[in-house]
Amino acid sequence: MPAVSKVCCIGAGYVGGPTCAVIALKCPHVQVTIVDLNQDRIDAWNSPDYKLPIYEPGLKDVVRQARGRNLFFSTNIDQAIQDADLIFVSVNTPTKKSGVGAGFAADLKYVESATRRIAKVATSNKIVVEKSTVPCRTAESMRTILEANSRPNCRFDILSNPEFLAEGTAISDLFNPDRVLIGSLQTPDGIAASNALRDIYANWVPTDRVLTVGLWSSELSKLAANAMLAQRISSINALSAICEATGANIDEVAHAIGYDSRIGPKFLRASVGFGGSCFQKDILNLVYLSRSLHLPEVADYWEQVVIMNEYQKRRFTKTVVDTLFNTITGKHIAVLGFAFKADTGDTRESPAITLVKDFLQEKALVNIYDPQVEREQIWADLAEAMPSVPSSDIQKQVHITSSALECCRNAEAVVIATEWREFREIDWELVYAGMNKPAFVFDGRLLVDAQKLRGIGFQVTVIGRGERL
Ligand code: NAD
Ligand code: UDX
């Protein structure tokens, strides 16, 4: 099989954009075209002043170096498909909202339409790579669609190459991945296609970190990795509830158990709950797969990870209400952070959305500040979370501010929902001076120095810490 010289990526989102921009940077001899149906998104990727559609540390530099050289963003999907030797399918695979499997199964309509497009317009052989996270055996459906709709003498080899980057650290994860996983059919053609993709990564990834496996193992490994990562967070969050009830300290517990080399220290940070577009969606996908395979005990086991996460968010709201003398009606709550984690502007499944919704239902007045999330996004998320409440009513109760200090002014309580470093560094004495007393801080991210804040005069409640002084 000849070496790949032209790559197309269908889907210019959080994964397709950074992943293929890094491929372009590291492989100057390969032409990379990232395409999308969304004209606004493509315009933003092409914006002269690099106002890219997503915020990701280091991304601008990568795009600045490669764009116009061997990296292109376009809405001309058909042309890019025709030109390419290798096509990444990196479209969204959200949880289905209605119909069979609603609330659990992945909605594969975008994967299917991208696949049909490839079949329709391709005039030469292509390697088609599943980059999107998909249920096990999706590659088989893609093959069926491609083979049933293609022109004669057009061959398609299908690979699975799931993406493991985390938002906020996408560029460093892509520069230095723990591993790259490539799944293929174990046929001579499948292995040749897998080698062609491996050769692209070989431009910067050490060969021992490129793992080649069977197609179905690769697809399942992606769901498995996210399920196990999320399971660790739900486990530590379940323990945080025990800490709060007993006086134990979740940081000390995490530290002690993380020292066991079999457990390891990472991903044991108790929080108000995990968010992001992947964990919940991929676990629910795994739950659905397990139920479809008549494995109800397996399904229940994984579903508990999501149930525990919902419990953690509810538990946090209850702590806030209980601590504020059992009512927050008419009280001002300052919510610091709206993104699902620090260093991203992404709010998908952010725990902050659930918290704000809960506070609004308790009739509180909520101020929100996030350094990266656009105001329109916050309004859209709240409208989606409360479809039966008119937007004008939401806007009466919510005020979006331009700084953390402004957010906290005249509030009764501050809730830390995202672990932005700037929240640790704000002038807490000034915050205290501007708040109504008693002034409360609820740290849902183990971010602030609770003792220091207590010294200033705050009443501080920290997730996973029993003591409330
Ligand atoms: P996204 O919503 O940010 O981007 C997907 C893009 O695909 C959108 O811009 C959409 O307009 C475009 N699109 C949809 N159908 C199309 C079509 N037929 N033709 C052209 N463009 C089309 O999604 P994302 O976060 O980049 O996720 C993509 C996939 O990667 C998902 O399966 C997700 O589970 C997986 N994933 C995401 C992450 C993450 O951190 N976001 C990490 C690993 C894997
Ligand atoms: C995740 C996986 O890490 C990544 O490999 C996969 O490709 C996509 O899904 P992402 O969702 O971007 O990445 O971020 P991640 O760092 O995993 O955090 C997910 C959520 O868990 C965030 O809300 C984060 O705040 C929370 N989290 C993470 C914790 O609450 N505690 C931790 O110890 C780690």
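**Exercise 1.** Decide whether Glu349 is buried or exposed.

*Solution.* Start with the rule: a residue is buried if 20 or more other C-beta atoms, placed from the backbone, lie within 10 Å of its own, exposed if 12 or fewer, and partly exposed in between. Next, count: Glu349 has 20 C-beta neighbours inside 10 Å, so Glu349 is buried. Then place Glu349 in the chain: Glu349 sits in the loop between strand E9 (332–336) and helix H13 (351–361). Helices (H or I, at least four residues) and strands (E, at least two) are DSSP runs, numbered from the N terminus.

A word on the model: it is predicted, so local features need pLDDT of at least 70 and side-chain atom pairs pLDDT 80 or more, while totals for chains, interfaces and linings use all residues. Residues are numbered from 1 along each chain as its sequence is written, and chains are lettered from A and ligands numbered from 1 in the order in which they are written.

**Exercise 2.** Find what is unusual about the backbone at Tyr50 and at Pro438.

*Solution.* First recall that most residues other than glycine have a negative phi, and most peptide bonds are trans. Tyr50 is not a glycine, yet its phi is positive, about 60 degrees. Tyr50 belongs to the loop between helix H2 (39–45) and helix H3 (59–66). Now turn to Pro438: the peptide bond joining Lys437 and Pro438 is cis, with omega about -5 degrees. Pro438 lies in the loop between helix H18 (428–434) and strand E13 (440–443).

**Exercise 3.** Work out how the shell around ligand 1 divides into nonpolar, polar and charged residues.

*Solution.* The shell has 12 nonpolar, 11 polar and four charged residues. Here Ala, Val, Leu, Ile, Met, Phe, Trp, Tyr, Cys and Pro count as nonpolar, Asp, Glu, Lys and Arg as charged, and the others, Gly among them, as polar.
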